[in-house]
Amino acid sequence: MKEERRYQHRNDYYIHDNLARKTSVEEERRQKTLERIREQNAKSAKNNARAVTRLNYGIDLFSAVVLSLALVCIFYFGLQYLTLNSKIAETNKSVSALSKTYTSMQNRNDEAYRAVEDTVSIENVYVTAVKELGMVYPGENQIVTYNYSEEGYVRQYQKLPEK
């Protein structure tokens, strides 16, 4: 059968299973454990106190310098950003104005081209060239042909024959 645990407290012995121990030894072990726990609690309390006092000192000189440099950089770059942003807005306005000017000039140019195109016809050019300037169409013997080669271009080293 299973052995039952039983605790019997007598003068300075107690029975646990099949061992008989002195209560003073067990009490000493408990005291040591409690003391270790108290020491650990005291160390952690000291560490917490040190951390709190470090926080109460504020920031040191190095941190203050780094923080002020960071603030100066942020201010400088923010100012640069705003300056560039205003220049971009100005440029966009000028581009818009130039675009409107370009469009109106292009429309005027197209209108002028159409007006010139309407006034000039092939028949008017022929009449002016033949009657006023004395021009004539070339005759059969005036047209000179040459053979095209695919080497690139034609060089003329002498005058063309009259024939």
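**Note on aromatic pairs, surface and confidence**

1. Y76 is partly exposed, since its relative accessible area of 46% falls between the limits of under 20% for buried and over 50% for exposed. Like everything that follows, this value was computed from a predicted model, and it should be read with that in mind.

2. How many aromatic pairs does a search of the whole structure find? There are two such pairs. In one of them Y76 is joined with F77 in an edge-to-face arrangement, with 5.4 Å from centre to centre and 65 degrees between the planes. The angle earns that label because planes over 60 degrees apart count as edge-to-face. F77 has a relative accessibility of 55% and counts as exposed, whereas its partner Y76 is partly exposed at 46%.

3. Is the pair of Y126 and Y137 stacked or edge-to-face? The planes of these two rings stand at 25 degrees and their centres are 6.0 Å apart, so the pair is stacked; the cut-off behind this is that planes under 30 degrees apart count as stacked. Y126 belongs to helix 3, which covers residues 122-132, while Y137 sits in the segment after that helix, so the pair ties together parts that are eleven residues apart in sequence. Y126 is partly exposed, having a relative accessible area of 43%, and Y137, at 66% relative accessibility, counts as exposed.

4. On the surface there is also a nonpolar patch, formed by I59, L67, L71 and I74, which together have about 430 Å² of accessible area. Of these residues, L67 can be placed in helix 2, which runs over residues 61-119, and L67 is partly exposed with a relative accessible area of 48%.

5. For the chain as a whole, the model shows three helices and three strands, and these follow one another along the sequence in the pattern β-β-β-α-α-α. Buried residues account for 2% of the 163 residues. The protein exposes about 16700 Å², and 57% of this area is supplied by carbon and sulfur atoms.

6. Confidence deserves a separate remark. The mean pLDDT of the protein is 81, with 75% of the residues reaching 70 or more. Among the elements, helix 2 has the highest mean pLDDT, at 94, and strand 1, made of residues 8-9, has the lowest, at 44. Over residues 1-5 the pLDDT is below 50, and beyond near neighbours in sequence this stretch has three contacts in the model. Residues 7-11 likewise stay under 50, and for them the model has eight contacts beyond four places in sequence. Where pLDDT is low, the predicted coordinates should not be read in detail.

Definitions and conventions:
Residues are numbered from 1 along each chain as its sequence is written. This is a predicted model: local features need pLDDT of at least 70, side-chain atom pairs count only at pLDDT 80 or more; totals for chains, interfaces and linings use all residues. Side-chain values use heavy atoms; hydrogens and water are left out. Rings of Phe, Tyr and Trp (its six-membered ring) pair if their centres lie within 6.5 Å; planes under 30 degrees apart count as stacked, over 60 as edge-to-face and the rest as tilted. Buried means under 20% relative accessible area, exposed over 50%, partly exposed in between (1.4 Å probe, protein chains only). Helices (H or I, at least four residues) and strands (E, at least two) are DSSP runs, numbered from the N terminus. Patches are made of residues with over 30% relative accessible area and no salt bridge: like charges are joined within 9 Å, nonpolar side chains (Val, Leu, Ile, Met, Phe, Trp, Tyr) within 5 Å. Accessible areas come from the Shrake-Rupley method with a 1.4 Å probe; for residues, only the protein chains shown count as cover. A salt bridge is a side-chain nitrogen of Lys or Arg within 4 Å of a carboxyl oxygen of Asp or Glu. pLDDT is the predictor's confidence in each residue, from 0 to 100. Contact means heavy atoms within 4.5 Å.
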